[in-house]
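This report covers backbone geometry and charged side-chain pairs in one protein chain. Please look at the sequence and structure first.

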Amino acid sequence: MASCNISFSSRLRFPSVSPRKNFAVDSFGPRGSFNFASRSKHQKNLLIQKAIRCNSTASKQQVEIVYDADERINKLADEVDRDAPLSRLTLFSPCKINVFLRITKKREDGYHDLASLFHVISLGDTIKFSLSPSKKDRLSTNVSGVPLDDRNLVIIKALNLYRKKTGCDQFFWIHLDKKVPTGAGLGGGSSNAATALWAANQFSGCLATEKDLQQWSSEIGSDIPFFFSEGAAFCTGRGEFVQNIPPPVPLDVPMVLIKPQEACSTAEVYKRLRLDRTSDVDPLSLLDKITKNGISQDVCINDLEPPAFEVLPSLKRLKQRIVSASRGEFDAVFMSGSGSTIVGIGSPDPPGFIYNDNEFQDVFLAEANFLTREANQWYREPATASACSTPSERRESAAA
């Protein structure tokens, strides 16, 4: 009886058993091709036994069946690369800060109207897109805790929205290199969604205008339309009404972002919001003052700070310590969005207690600058990328 060596490896090949009998994925059945990978264990065993019987009657040769379920997909991917005008794209996905954030009223639909100066900053993720040969999006990421299913804006909501609006049937393999922390008030997920819409439009040959993308994006998130601005915008409504403005401050103004491990639930923050305790300052006067005089503490009003500090009392203490320890080093210290990131404008360096106090050894630290983009171009990662780490990581790096 013929000996049989059956192995499973990362390359899929069914080599010929005899000069006249070939067993390949496309010809293994009497009625055409089928998917070997989809067969049950029992069916696979029957097929292997069939191969062995054929080998026994044909010759004394050894039979080797090497199985890899991805070969056909890899071949299809190679064909996509050859035939498509654009098959791969790597994009920077920057986050934002709210220089000021006024909540003006509660709407009948349960949302709140806001008026805010949004600005893109140089901290961001990197997203790699490639065309998928199958009718399915696939997402991978470098960090745990990022949803890989339809809860993730970048893989399902944004790309499905684009396909729905344009009729395009392209699907993607996506790798998300995550640097922006979640639950930070920095709009990292919204930026990822906007970046995915931009990428899908590039792959399809720009079936939609930037205005189309901006308008469509409001269907899946209030902050997403902002990222189709040129980087600085006065936003109203739920955030979906975006008015481009020239950068109100020099782009090279440094800042430091300090975020504790704890995140703020946006829903819980809004639940605790009391409109009778918010500021009554006209948002347009804040914008005018920033444009004329730059950023200062008195204009960096965030109506979500008080309820966020109720949700996370330690965040209030952190802001107070930064203000007192900085001794005028920062032009302004404020919370971004619904938290929990505290922003210090005017210096890239955090106060010394962040390094010396064990309570803050695991906070997220990043230095950044303001960022804009050119018309018809997506945001580009600065030549000197924003450094992000924890105090303990910075000390280890310095020691090395």
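The text below takes up the unusual backbone positions, then the cysteines, then the salt bridges. The model is predicted.

**Backbone**

Most residues other than glycine have a negative phi, and most peptide bonds are trans. Three places depart from this pattern here: the peptide bond joining Gly339 and Ser340 is cis, with omega about 15 degrees, while a positive phi occurs at Cys206, about 60 degrees, and at Arg327, about 50 degrees. Neither Cys206 nor Arg327 is a glycine.

Each site falls in a loop. Ser340 belongs to the loop between β10 (332-335) and β11 (342-345). Arg327 sits in the loop between α9 (313-326) and β10, and Cys206 in the loop between α4 (188-203) and α5 (210-217). With a relative accessibility of 77%, Arg327 counts as exposed, because the cut-off for that class is over 50%. Cys206, at 42%, counts as partly exposed.

**Cysteines**

How many disulfides does the structure hold? The count is zero. Apart from the partly exposed Cys206, there is Cys235, which is buried, with a relative accessible area of 0%.

**Salt bridges**

Side chains of opposite charge can pair when their charged atoms come close. The structure has 16 salt bridges, among them the three tabulated here with their N to O distances.

| Acidic residue | Basic residue | N to O distance |
|---|---|---|
| Glu210, 23% accessible | Arg373, 7% accessible | 2.7 Å |
| Glu268, 25% accessible | Arg272, 35% accessible | 3.1 Å |
| Asp288, 38% accessible | Lys292, 63% accessible | 3.2 Å |

Which parts of the chain does the pair of Glu210 and Arg373 link? Glu210 lies in helix α5 and Arg373 in the loop between β12 (364-368) and β13 (388-389), so distant parts of the chain, 163 residues apart, are linked. Glu210 is partly exposed, whereas Arg373 is buried.

In the salt bridge between Glu268 and Arg272, Glu268 is partly exposed and Arg272 is partly exposed as well.

Lys292 and Asp288 both lie in helix α7 (residues 283-293), four residues apart, about one turn of the helix. Lys292 counts as exposed, and Asp288 is partly exposed. Elsewhere, Lys105, Arg107, Asp109 and Asp113 are joined into one network by salt bridges that share partners.

Note on methods
Residues numbered from 1 in each chain as written. Predicted model: local features only at pLDDT ≥ 70, side-chain atom pairs only at ≥ 80, totals over all residues. Heavy atoms only, no water. Helix = DSSP H or I, 4+ residues; strand = E, 2+ residues; numbered from the N terminus. Buried < 20%, exposed > 50% of the residue type's maximum accessible area, 1.4 Å probe, protein only. Disulfide = S-S within 2.5 Å. Salt bridge = Lys/Arg side-chain N within 4 Å of Asp/Glu carboxyl O.
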